[in-house]
Amino acid sequence: MRKSVCVAAVAGLVSGVLLAGPAHGAVPADPARVSGGPVLTVDVKAGRHSISPDIYGVNFADEAFATSVGLPVDRWGGDATETYNWKVRGANQGANWYFENFPDCWTVDFGYCETGRDYSAFDDLVETDARTGATTLATLPAAGWVAKSVAYDQDQLCSYPAAVFDPQDDHDPYHPVCGNGERNGHWITSPAVDPTRAGTPAGAAWDGDWVADLVSRYGSAAAGGVGLYEIGNEPGLWNSTHRDFHPDPVDYDELWSTSRAIASAVKAADPTAGVLGPSEWGWPNYFCSAADLAAGGCSPSSPDRAAHGGTDISSWYLQQFARREQQTGVRLLDYFDLHYYPQGGYSPTTDVTRSLWDPTYRDPSWIGERIRLLPRMQAWVDGSYPGTKTSLTEYNMSLGVTDDVRLQNVIQADTLGIFGREGLDLATFWPEERSGIPEAAFGIFRNYDGLHHGFGNRGVRATSADAGRVSVFAARRGGAGPLTVVVVNKSTTALTSRLSLEHFPHARAAQAYQYAGAGIVALGKVAVGRSGFTGTYPGQSVTLVEIRPR
């Protein structure tokens, strides 16, 4: 179980991480190891914007962590949720594990179904979220099929049984009668896979029945039940991840018809619930369908895209929902949702976050483009379906970049600050074994003092003369609350920076909290001059300064 966020108090000013007003100067413990940092500026009257609390969400959060950070959104998502059958309490694992059906109780906690055969992992998540106050975000199956049944011993159903499809390249080492559906590195097409072997049909009506069941047991979204529903998971990959159930690549028309039907079913069962889509995996499926990619590439002249006026699939998807609302008066899509992960080419550096916003930054991966993901998403919405919110329900900016926990927290803190500054409406972090939840980063923004005080919700302009080395974010907590300033030193060495504070009459003493590799530490009082303060920040650190109004 992950530990909850811990804040250690340190009396006075800490040597080597000194923050001081200009009258005192900033004297680090070892001047030889400190460099001059960029000038930072915070202007409380400029760049005012709301920051959504829902950007601090997570996938599959445990209760202790959720409680410690006041988790706003908890997502039930990922590949297996695309084939989850709530009626049998289990899912087909697709290409992630030999296309086998497993019950929810198939975990160490239940002795691999020695007990817990009536356990529902989804219901457990909903009930945990109710205790912690998090909104549940549920992924609804959209590929057309879910697990038919589950077994409570080592006799799981699978889509590629050895007796039918061997020779295959690989088999489940614990259940070798199930294979991976490949021969000589290619999908087996003869004989054709039979989706009824392990699956049962599940369309929009099936999803609607599930939502209605949840409303009957937990109440509507407005009454505290499941609040958000996602239309499937990464449809551009269904023909590989879930090839047994959906061997053909998704095209524009299928994506729209499926999304429209499921969104309509959700709104019919719970008009107060929010709907997200298309929850696509990444570049280039932001621009073209899986059918286009299967035909050889992605450009305006790709066959499926060309048949739809050459319009990129994200814009076209939004346009269909906009047209539908014009026809019916009902908004079916509330969030334009994507997934995003680094695609390689990064050394262990925080530069990875620049792909979220920086129009001058060319991604070093095979993408090789100026991604500027968040402004791009907003432009798609503004141009095709204004008023739609934006979300990233899967992201992990450290994945494949670094295994170092300290750097992961620095990257995540920078990411959360960017989300707030750029106006993203919702985000849920995806943890992996080598890149788990960066708890200190979430703690800085959600519970920096152990008393559930967090970064403000009313953003103001905060700029750095060199955001590649030091980034800065600022927001007031409420209309009359303190100004919270987060400084992220991305450099490996300590840096001393002057922070100019404009248009904010303030008390002359502030409180600082810092992460520098060993939990969040309360640094004690910080002297703040009339126009700001100078601080020395350890290499790869995150510092929050709480400045109260005068």
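This report covers model confidence, disulfides, and the pocket and cavities of one protein.

The structure is a predicted model, in which local features need pLDDT of at least 70 and side-chain atom pairs count only at pLDDT 80 or more, while totals for chains, interfaces and linings use all residues. Residues are numbered from 1 along each chain as its sequence is written, and side-chain values use heavy atoms, with hydrogens and water left out.

## Confidence

pLDDT is the predictor's confidence in each residue, from 0 to 100. Its mean over the protein is 93. Of the residues, 94% reach 70 or more. Residues 1–6 stay under 50, and the model gives them 21 contacts beyond four places in sequence. Residues 8–32 are also below 50, with 55 contacts beyond near neighbours in sequence. A contact means heavy atoms within 4.5 Å. Where pLDDT is low, the predicted coordinates should not be read in detail.

## Disulfides

The whole structure holds 3 disulfides, each a pair of cysteine sulfur atoms within 2.5 Å. In sequence order, the bonded cysteines pair 1-2, 3-4, 5-6.

| Pair | S to S | S-S torsion | Hand |
|---|---|---|---|
| Cys105–Cys113 | 2.1 Å | about 100° | right-handed |
| Cys158–Cys178 | 2.2 Å | -90° | left-handed |
| Cys288–Cys298 | 2.1 Å | about 85° | right-handed |

Burial is judged by relative accessible area: buried is under 20%, exposed over 50%, and partly exposed in between (1.4 Å probe, protein chains only). Cys105 is buried at 1%. Cys113 is buried at 0%.

Cys158 and Cys178 are both buried. Helices (H or I, at least four residues) and strands (E, at least two) are DSSP runs, numbered from the N terminus. Cys158 sits in the loop between strand E11 (145–147) and helix H3 (162–165), and Cys178 in the loop between H3 and strand E12 (182–183), so the disulfide ties together parts 20 residues apart in sequence.

In the Cys288–Cys298 pair, Cys288 is buried, with a relative accessible area of 0%. Cys298 is partly exposed, at 32%.

## Largest pocket

A 1 Å grid over the protein atoms alone defines both kinds of space: a cavity is a set of points where a 1.4 Å probe fits but cannot get out, and a pocket is an open set with protein on both sides within 12 Å along at least five of seven lines; lining residues have an atom within 4 Å of a point. Grid points are joined across faces, edges and corners, and a volume is the space filled by probe spheres set on the points.

The largest pocket holds about 1,600 Å³. Its lining has 49 residues, with Phe60, Trp76, Asp104, Thr107 and Ala121 nearest the centre. Among the elements supplying at least two lining residues are helix H1 (63–69) and strand E7 (73–76). H2 gives the most, with 5 residues. The lining divides into 24 nonpolar, 11 polar and 14 charged residues. Here Ala, Val, Leu, Ile, Met, Phe, Trp, Tyr, Cys and Pro count as nonpolar, Asp, Glu, Lys and Arg as charged, and the others, Gly among them, as polar.

## Cavities

There are 4 cavities of 30 Å³ or more. The largest encloses about 90 Å³. Its lining has 16 residues, and the closest to the centre include Leu255, Glu280 and the disulfide-bonded Cys288. H9 gives the most to this lining, with 3 residues. By class, the lining has 10 nonpolar, 4 polar and 2 charged residues.

The second largest cavity encloses about 60 Å³. Trp281, Trp283, His339 and Trp366 are among the residues lining the second largest cavity. Its lining has 7 nonpolar, 3 polar and no charged residues.
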